[in-house]
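Biologist: Could you take a close look at one part of this model for me, and then follow the thread outward from there? I would enjoy a connected walk-through with the numbers left in.

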Amino acid sequence: QEKRYDISDKLELIDEQLLALLKKAGRMADSLDFDLYIVGGFPRDLVLGQVNHDLDLVVEGDGIEFARELSKELGGHLDIYHEFGTAVVSLEDLKLDIATTRVEYYPQVASLPEVEHGSIQQDLFRRDFTINALAIQLNQASFGQLVDYFSGKKDLEKGLIRLLHNFSLYDDPTRIFRGFRFASRYDYNFEENTEDLFKHAIELDVIEKLSSDRLFNKLELGLKDRNPVRFISLLDEYNILSYFSPGIEWNHETEILENNVTKVLDWLHDLEIVTSFEEWVLYLIVLVHGLNETEIKDFANKFNINKNLFDRLMTSLKADKYIRILHDAEDNSAIYYLLQGLAIEDMLFLLIKDFSLEEEIKLYLEKLQWTDIEVSGEEIIALGYSPGPIFREVLDEVRKAKLNGEVETYEEEKEYLEQLLAERESE
Ligand code: CTP
């Protein structure tokens with residue numbers, strides 16, 4: 001049953017340029033006698049008071065023809081995907097995904113759907129959850145009306161994730177992960193029947209149908225989303241963690257560590273130093289850090305984990321040892337020689353486990369890691385020595401002295417160097 005809502009107050013949130021573009025698209029559809037809607041994340045988030053820049057348009061008519069005309073009018077770049085009946089119009093700073101409204105039939109569990117043209121209602125019904133099955137009409141006479149066939153607006157207001165039909169998760173098991181992602185992102189709950197459908201599908205092992213690549217990608221998306229900790233706790237609640245590794249345990253301690261990730265990321269942010277790493281990786285390290293070496297290797301093999309990530313997971317095995325060494329470090333050089341072998345993710349993991357090391361790690365990141373000495377082998381040669389192992393040894397001593405603040409200027413480095421050489425001479 002179709003319901004229409006006036007959402008003018010929400011339309012005001014859209015910036016003028018985007019609003020003008022949507023209106024132009026609506027008039028273009030009018031001229032071709034097509035009905036045009038924006039669907040998916042955009043209407044969902046707009047009802048929630050946020051502007052999503054994923055622009056998915058559907059045309060009741062011919063999507064490709066509409067895309068052609070629109071790109072002519074707007075002067076953007078047009079890509080057509082005939083096999084899917086979709087097109088993308090790319091403008092300078094945004095892109096429009098355009099499709100013809102369609103029905104989908106899934107011949108088997110997790111198979112590719114067979115597709116036919118359908119009405120807007122059918123197009124919305126083939127989607128995952130009621131909150132994602134809203135549309136906003138863009139044609140001039142109805143511009144900005146929220147079109148709601150499945151009470152998606154009510155579910156958004158009540159904070160409920162509700163499947164549109166009973167086969168949804170068998171058609172596409174990745175929707176299980178999408179459900180967890182939306183539930184965690186918006187802090188929503190599952191509607192009762194949907195919760196049962198999730199449990200049944202999971203009991204019937206539909207997740208087994210997904211390739212490891214897809215499975216890992218769904219985990220990654222959840223860890224990159226707004227509330228990775230709740231996402232993981234939902235994976236645990238629905239017994240899905242074991243698909244990633246039988247050894248993964250979600251307990252009170254892991255939950256505390258996962259919650260520490262945000263704290264450590266905020267701390268790092270306040271330091272204002274330049275680092276580059278992917279934040280979601282920290283949530284992953286915490287999630288799998290209880291695994292032993294063999295389990296980590298199996299996990300890495302199964303999911304084709306890249307070398308850098310694998311190294312981070314392996315390093316996490318030694319975290320407790322590193323934490324002890326840092327606590328026992330007597331001077332800056334001891335901190336330096338431990339941390340210089342670690343990646344930023346490794347150091348942050350140490351902090352996640354033991355935040356009392358913040359001073360040591362801050363000192364390293366802000367200062368020690370940039371410590372360089374100015375004297376080199378040239379100075380030693382100039383003093384009449386021929387190159388040999390002693391060069392390395394004394395230069396290392398100078399570096400240690402510099403890290404510990406015992407020498408600072410070039411002159412002091414050089415003086416200390418001469419002193420060291422003289423001591424060795426007299427030995
Ligand atoms: N969709 C679906 N089943 C999937 C993936 C997508 O039914 N497995 C539908 C949903 O209706 C969704 C729309 O396709 O709203 C667009 O998908 P996508 O852009 O991936 O997701 P968004 O809902 O926009 O989510 P996000 O905010 O995470 O981008």
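Modeller: Happy to! Let's begin in helix H14, which covers residues 293-302 and holds both Lys 297 and Glu 293, four residues apart, or about one turn of the helix. Please keep in mind that this is a predicted model. The two side chains form a salt bridge, with the closest N and O atoms 3.1 Å apart. An α-helix has 3.6 residues a turn, so residues three or four places apart point the same way. Side chains of opposite charge can pair when their charged atoms come close. As for solvent, Lys 297 is partly exposed at 37% relative accessibility, and Glu 293 is partly exposed as well, at 40%.

Following the chain out of H14, we come to the loop that leads to helix H15 (307-316), and Asn 304 sits in that loop. Its backbone deserves a glance: Asn 304 is not a glycine, yet its phi is positive, about 55 degrees. Most residues other than glycine have a negative phi, and most peptide bonds are trans. Asn 304 counts as exposed, with 63% relative accessibility.

A related arrangement appears at helix H6 (residues 152-158), where Lys 153 and Glu 157 are four residues apart, about one turn of the helix. Their salt bridge brings the closest N and O atoms to 3.0 Å. Here the two partners fall into separate classes: Lys 153 is buried, with a relative accessible area of 17%, while Glu 157 is exposed at 55%. The cut-off matters for Lys 153, because buried means under 20% relative accessible area. In the loop between strand E10 (145-148) and H6 lies Ser 151. This serine also has a positive phi, about 60 degrees, although it is not a glycine. Ser 151 is partly exposed, at 32% relative accessibility.

Helix H4 (residues 63-74) offers a pair with another spacing: Glu 69 and Lys 72 are three residues apart, which again separates them by about one helical turn. Their side chains meet in a salt bridge of 3.4 Å, N to O. Glu 69 is partly exposed, with a relative accessible area of 26%, and Lys 72 is exposed at 62%. Across the structure there are 25 salt bridges. Some of these charges go beyond simple pairs: Arg 102, Glu 104, Asp 123, Arg 126 and Arg 127 are linked in a network of salt bridges.

Charged side chains also turn up around the ligand. It is surrounded by 16 residues, and the closest are Arg 44, Asp 128, Asp 172, Arg 181 and Arg 185. An N or O atom in the side chain of Arg 44 is 2.8 Å from an oxygen atom of the ligand. For Arg 185, a polar side-chain atom lies 2.7 Å from a ligand oxygen, and for Arg 175 a polar side-chain atom is 3.1 Å from a ligand nitrogen. Taken alone, the ligand exposes 580 Å², and the protein buries 75% of that.

For a look at packing, try helix H12 (residues 252-271). Its 20 residues reach 29 Å from first C-alpha to last, close to the 28 Å expected at 1.5 Å a residue. At its start, a side-chain oxygen of Asn 251 comes within 3.1 Å of the backbone nitrogen of Glu 253. The buried residues of H12 include Leu 257, Val 261, Val 264, Trp 267 and Leu 268. Together, the buried residues of this helix pack against helices H11 (228-237), H13 (280-288), H18 (344-353) and H19 (358-366). Just after H12, Glu 272 takes a positive phi of about 55 degrees.

One last stop is Ser 333, in helix H17 (residues 332-339). Ser 333 is buried, with a relative accessible area of 4%. Its side chain and that of Asp 331 are joined by a polar contact of 3.0 Å. Leaving out residues up to four places away in sequence, Ser 333 touches Lys 400, Leu 403 and Asn 404. Between Ser 333 and Tyr 364 there are 9.8 Å from C-alpha to C-alpha, and the two are 31 residues apart in sequence.

Terms used: Residues numbered from 1 in each chain as written. Predicted model: local features only at pLDDT ≥ 70, side-chain atom pairs only at ≥ 80, totals over all residues. Heavy atoms only, no water. Helix = DSSP H or I, 4+ residues; strand = E, 2+ residues; numbered from the N terminus. Expected span 1.5 Å × (residues − 1). Buried < 20%, exposed > 50% of the residue type's maximum accessible area, 1.4 Å probe, protein only. Contact = heavy atoms within 4.5 Å. Polar contact = N/O pair within 3.5 Å; in protein donor to acceptor, adjacent residues only side chain to side chain. Near = heavy atom within 4 Å. Areas by Shrake-Rupley, 256 points an atom, 1.4 Å probe, with all protein chains shown as cover. Salt bridge = Lys/Arg side-chain N within 4 Å of Asp/Glu carboxyl O.
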